[in-house]
Amino acid sequence: MQQTKDHIAVWNSCLKVIQDNVSAQAYKTWFDPIVAVKLKNAILTIQVPSQFFYEWLEEHYVGILKKILKKELGQKGRLEYSIIIESGSTNTNPYTVKIPATDKNVLKNPSVSMPIDINKDTIRNPFIIPGLKKIKVDSQLNPLYTLDNFIEGECNRLARSAGYAVAEKPGGTSFNPLLIYGGTGLGKTHLSHAIGIQMKERFPEKIVLYVTAERFQSQFVDAIRSNNKNDFVHFYQMIDFLIIDDVQFFSGKEKTQDVFFHIFNHLHQTGKQLILTADKPPIDMQGMEQRLLSRFKWGLSADLQIPELETRIAILETKIQNDGIKMPKEVMEYLAYSITSNIRELHGALVTLLAQSSFNKRAIDLDLAKQMIDKFVKNTAREVSIDYIQKVVCDYFDLPIELLKSKTRKRDVVQARQLAMYFSKSMTKSSLAKIGAHCGGKDHATVLHACRTVNNLIDTDKQFRGYVTELKKKISID
Ligand code: ADP
Ligand code: MG
């Protein structure tokens, strides 16, 4: 251990590595404001400007911080945060709280962030609390990922209700295994925890265990290394309801697949419930043994899709309410309209916005949101969406959006609809057919006609031209 270094030197070494590994913008936002305050007993304390910072760091940079600290401070290296509590007035002597990087962390998201305490348990039965006669297994479930918090929408209806059915009757439905698949950030981890929580509540005497495929694999490797393969297998065969997250991680890892195959068979034959998640359906999984794939298909495969606008709004609304955040409705809607990729990005944008506002001491308004989206979510949200265009146009003319999407041919609605089509054509990459489908189920010819009409009116009608200029300004993200 290098006891000679002080906190500044250690933190500077961390910063050097971080700088090479994150974007300049991310570095400026999340690392510049941090001040290292002390180093004692291999615990480095850093001061962060707000709770958001702490959470953001824990969620996104815990892996890299952990590695560097281990290198700098040895096996015992740990990180503690000191958070400045804002009191309104300028405070030269900020009140600080210490949050060990471990507890909260585990609670928040056990799959992403392992405690920063680097001492890895020597793995026998990793979840068993030693010294207890009756075996007790920590389910590793995140209490925040409940079914109630998992907003229902078209995008997740099948998976959610299958999950619900499984939780009511684990092992007793034909959904065994239940395989939940879908792209990143669409809620696989959340939903699998939620089912686990529900099962645990209904059947408290049963052993429920959530584990990521990655962790399963690393435990297996450790078990082999220390000659404990049997312990490992027995441990898993004892679980009543087993949840394995991101099974695609097993791809190409034959030994792990083999051991999992046997555990799977044992559990399935004894009527235990298996819940698996994956980033794609079994048919598209590469590097996975056929016998395992065929078992994945025994039960039900249910997918999670990208949430539709209404669901995105509902998810943000719930999050904002649960976290007690105050934010104008238009800002929330703007986020939901702009971020269409996945729910993690949606939450990420919200957190970034809050951080920006708290750090720059600026109110959360549409301007700040636009700037933030522009800076941080470039790749996913640079292009405005048809939904957003429709919303801005409707707000401008004070029309309900349903009218614009309806078949009505009332003059003012027709004009607004044509404008929405015109802007969708000029400001998004959507096809004419897609634009038509979004605007009251019209075909591509109607959209073309609308664009021509708008162009004609721009040339001939001064008032109309004014509308177009103003609307264009409102719609532009830049
Ligand atoms: P995945 O495992 O598919 O990558 P996660 O389960 O980690 O995705 O979800 C990413 C984030 O989105 C989490 O914060 C989760 O709580 C949230 N989330 C996903 N789906 C929903 C939903 N239907 N309702 C509320 N929050 C959701
Ligand atoms: Mg996940």
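1. Start with Arg157. In this predicted model, Arg157 counts as partly exposed, because its relative accessibility is 37% and the partly exposed class runs between 20% and 50%. Two acidic partners deserve a look here: Glu152 and Glu154.

2. Take Glu152. Arg157 pairs with Glu152 in a salt bridge, and their closest N and O atoms are 3.0 Å apart. Glu152 is partly exposed, at 39% relative accessibility.

3. Now Glu154. This residue also forms a salt bridge with Arg157, with 2.9 Å between the closest N and O atoms. Is Glu154 buried or exposed? Glu154 is exposed, because its relative accessible area is 56% and the cut-off for exposed is over 50%.

4. Move on to Glu317 and Lys329. Their side chains meet in a salt bridge, at 3.5 Å from N to O. Which helices hold the two residues? Glu317 sits in helix α12, residues 309-322, and Lys329 in helix α13, residues 329-338. The pair therefore ties together parts that are 12 residues apart in sequence. Glu317 is partly exposed, with a relative accessible area of 36%.

5. The pair does not stand alone. Glu317 and Lys329 belong to one network with Glu333, Lys391 and Asp395. Salt bridges that share partners join these residues.

6. A general point helps in reading these contacts. Oppositely charged side chains can pair when their charged atoms come close.

7. Finally, the total. How many salt bridges does the count give? The count comes to 14 salt bridges. Among them are Arg157 with Glu152, Glu154 with Arg157, and Glu317 with Lys329.

Terms used: Residues numbered from 1 in each chain as written. Chains lettered and ligands numbered in written order. Predicted model: local features only at pLDDT ≥ 70, side-chain atom pairs only at ≥ 80, totals over all residues. Heavy atoms only, no water. Salt bridge = Lys/Arg side-chain N within 4 Å of Asp/Glu carboxyl O. Buried < 20%, exposed > 50% of the residue type's maximum accessible area, 1.4 Å probe, protein only. Helix = DSSP H or I, 4+ residues; strand = E, 2+ residues; numbered from the N terminus.
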